[in-house]
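Let's take a friendly walk through a protein model, moving from its strands to its core and then to its charged side chains. Keep the picture at hand as you read.

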Amino acid sequence: VQLVESGGGLVQAGESLKLSCAFSGIIANIKKLRWYRQAPGQERELVAAINDSGETNYAASVKGRFTVSRDGAKNSFYLQMHNLKPEDTAVYYCNVLPTTYYGSPNLYWGQGTQVTVSS
């Protein structure tokens with residue numbers, strides 16, 4: 001199981017970023033694909049999720065600004081972020097929720113990518 005994130009960076013308020021998460025090793029075993037974030041001194045929070053039926057849900061703070069999507073052919077999923085705000089600054093993690101864990105649940109997390117939004 002491997003998840004590799006990319007796409008973080010430093011942007012100004014109002015700008016956009018797109019995060020990507022490429023995964024392998026768990027192709028036929030996915031229940032949900034999720035994005036979390038963790039700001040300094042804060043607990044990790046769920047930002048967005050998409051299930052195996054394509055249904056999505058979002059944290060209230062990002063609804064209307066963020067979009068989660070997936071590309072089954074590429075074994076990847078994405079978080080498109082628009083109108084970014086300084087309070088979106090955090091380390092963003094991708095996560096796969098499988099129907100069955102093979103090995104430690106820790107294996108189903110990306111390494112994290114920093115998103116910093118300046119005002």
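Two residues are said to be in contact when heavy atoms of theirs lie within 4.5 Å. Keep in mind, too, that this is a predicted model.

With that meaning of contact, look up Met81. Leaving aside neighbours within four places in sequence, Met81 is in contact with Glu15, Ser16, Leu17, Leu19, Arg65, Phe66, Tyr92 and Val115. Some of these names come back in the core.

**The core**

How many residues does the largest nonpolar core have? The number is 27, and the residues with the most contacts inside this core are Trp35, Phe66, Phe77, Leu79, Met81 and Tyr92. At least two core residues come from each of strand 3 (17-24), strand 4, strand 5, strand 7 (66-71), strand 8 (76-81), strand 9 and strand 10 (113-118). A general tendency fits here: in soluble globular proteins, nonpolar side chains tend to be buried together.

**Strand 4 and its two partners**

Now find strand 4, which covers residues 30-38. On one hand, strand 4 runs antiparallel to strand 9 (residues 90-98), and eight bridges join the two. Within this pairing, Leu33 has Val96 as its bridge partner. On the other hand, strand 4 pairs with strand 5 (residues 45-51), again in the antiparallel sense, over six bridges. Here Arg34 is partnered by Ala49 of strand 5.

Strand 4 and strand 5 form a hairpin with six residues between the strands, and in this hairpin Gly41 takes a positive phi near 75°. The loop between strand 4 and strand 5 also holds Ala39. Is Ala39 buried or partly exposed? With a relative accessible area of 23%, Ala39 is partly exposed, because buried would mean under 20%. Beyond its neighbours within four places in sequence, Ala39 is in contact with Thr89 and Ala90. Ala39 and Val115 are 76 residues apart in sequence, yet their C-alpha atoms are 9.7 Å apart in space.

**A network of charges**

The model has three salt bridges by the rule used here. The table sets them side by side.

| Salt bridge | Closest N to O |
|---|---|
| Arg37 and Glu45 | 2.6 Å |
| Asp88 and Arg37 | 2.9 Å |
| Asp88 and Arg65 | 2.8 Å |

Start with Arg37, which counts as buried because its relative accessibility is 6%. Its partner Glu45 is partly exposed, at a relative accessible area of 33%. What does the pair of Asp88 and Arg37 tie together? Asp88 lies in the loop between strand 8 and strand 9 while Arg37 is in strand 4, so the pair ties together parts that are 51 residues apart in sequence.

Asp88 counts as buried, with 1% relative accessibility. The salt bridge from Asp88 to Arg65 also links distant parts of the chain: Arg65 sits in the loop between strand 6 (56-58) and strand 7, 23 residues apart from Asp88. Both Asp88 and Arg65 are buried. Through shared partners, the salt bridges join Arg37, Glu45, Arg65 and Asp88 into one network.

Note on methods
Residues numbered from 1 in each chain as written. Predicted model: local features only at pLDDT ≥ 70, side-chain atom pairs only at ≥ 80, totals over all residues. Heavy atoms only, no water. Pairing = 2+ DSSP bridges. Helix = DSSP H or I, 4+ residues; strand = E, 2+ residues; numbered from the N terminus. Core = buried A, V, L, I, M, F, W, Y, C linked by side-chain atoms within 4.5 Å. Buried < 20%, exposed > 50% of the residue type's maximum accessible area, 1.4 Å probe, protein only. Salt bridge = Lys/Arg side-chain N within 4 Å of Asp/Glu carboxyl O.
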